[in-house]
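Trainee: I would be grateful for a close look at a single part of this structure, set in the context of the whole chain.

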Amino acid sequence: MRYPHTRLRRMRRDEFSRRLMREHVLTADDLIYPVFVHEPDGRAPVGSMPGIERLSIDELLRVAEQACALRIPALALFPVTAPEAKSLDAAAAWADDGLVQRAVRALKQRFPQLGVITDVALDPYTAHGQDGLLDASGYVVNDETVEALVKQALSHARAGADVVAPSDMMDGRIGAIRQALEAEGHIHTRILAYSAKYASSFYGPFRDAVGSAGALGKGNKTTYQMDPANADEALREVALDLDEGADMVMVKPGLPYLDIVRRVKERFGAPTFVYQVSGEYAMLKAAAQNGWLDERACALEALVSIKRAGADGVLTYFALDAARWLREG
Ligand code: PBG
């Protein structure tokens, strides 16, 4: 008798056995929702990110309420800074009454149980759109930028941020921020390090959303963000950030970098997060709007793939929708 020696299809035949052998499960616990906060009243749509809006602090509180109801553990805040608040020294980044600082206070007062993550980087505040301070030649200087990032991170911690997330890719910033947080008694403030952050063109819609695209112009971030061609270097970045005191590490973007996620998780076993970035969201949305892809099925597939690669959680613009879809089953 001829028969396939092994019939893997047996276990796939029925829903019950597919469920029993499912290796990875996506839940609302895995989701972090990135939100854009702006000064004007109300909401403003982001053209290249259908379904995503810039929010006033009042509107942010409404969205936070939805996130809490959906059991999403945390929000990540990204400010839209008015052009007149931008400068060469990025001083608005650590203003005690800055937009982010006020947003953090408002969120923590209303929803103390909701995790609040802040972005530590200067690009929303610099007139040139780079994540750091420039020298006369236009090079982003490392150590002076780290000093500014320390001030920014401290101002977020004072406002009550649960997690500060340096996304700038300067050398030594995690250690400097950790030391400053400890020195000021913020021993519970977590650091989510954007450790393996690539110089990716998938950030385009985000730069539209926060208005840094115009400031950056034809500039790029290749002298500090990583080369998409590199993998071993990502492991060195993660090793340094963990050694300097990061509680969580991140790989960014998501889908094109799942090999990095796998290697980081396997090598270090640390809490590992992925940023499914604006361009990944925009691609899925655009295809879905054209009727070319099933949005819900593809978004959930991408998210569970990120978990399968080794991530503990995902920053995703689909967070609210995904939590709803998962609830609907
Ligand atoms: C800036 C920052 C960027 C993103 C998060 N923080 C853009 C950049 O580095 O230029 C991108 C996120 C996204 O594309 O969704 N520090």
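**Helix 6 and its surroundings**

Mentor: In this predicted model, helix 6 covers residues 173-183, and its buried residues are R173, I174, A176, I177, R178 and L181. Two arginines, R173 and R178, thus appear on the buried list beside I174, A176, I177 and L181. These buried residues pack against four elements: helix 5 (142-159), strand 8 (163-166), strand 9 (190-197) and helix 9 (232-244). Just after helix 6, G185 adopts a positive phi of about 85°.

The wider setting is as follows. The protein chain contains 13 helices and 12 strands. Of its 329 residues, 44% are buried. Among contacts between residues at least 6 apart in sequence, 75% join residues at least 24 apart. The C-alpha trace spans about 80 × 45 × 40 Å along its principal axes. The radius of gyration of the protein chain is 20 Å, which agrees with the value near 20 Å for a compact globule of 329 residues.

The ligand has its own shell of residues. Around the ligand lie D119, A121, D123, D131, S167, Y203, F206, R207, K221, V277 and S278. By class, this shell comprises five charged, four nonpolar and two polar residues. The charged residues around the ligand include D119, D123 and D131, as well as R207 and K221. Among the nonpolar residues of the shell are Y203 and F206, while S167 and S278 are polar.

Methods. Residues numbered from 1 in each chain as written. Predicted model: local features only at pLDDT ≥ 70, side-chain atom pairs only at ≥ 80, totals over all residues. Near = placed C-beta within 6 Å. Buried ≥ 20, exposed ≤ 12 C-beta atoms within 10 Å, placed from the backbone. Contact = placed C-beta atoms within 7 Å. Rg over C-alpha atoms; globule rule 2.2 N^0.38 Å.
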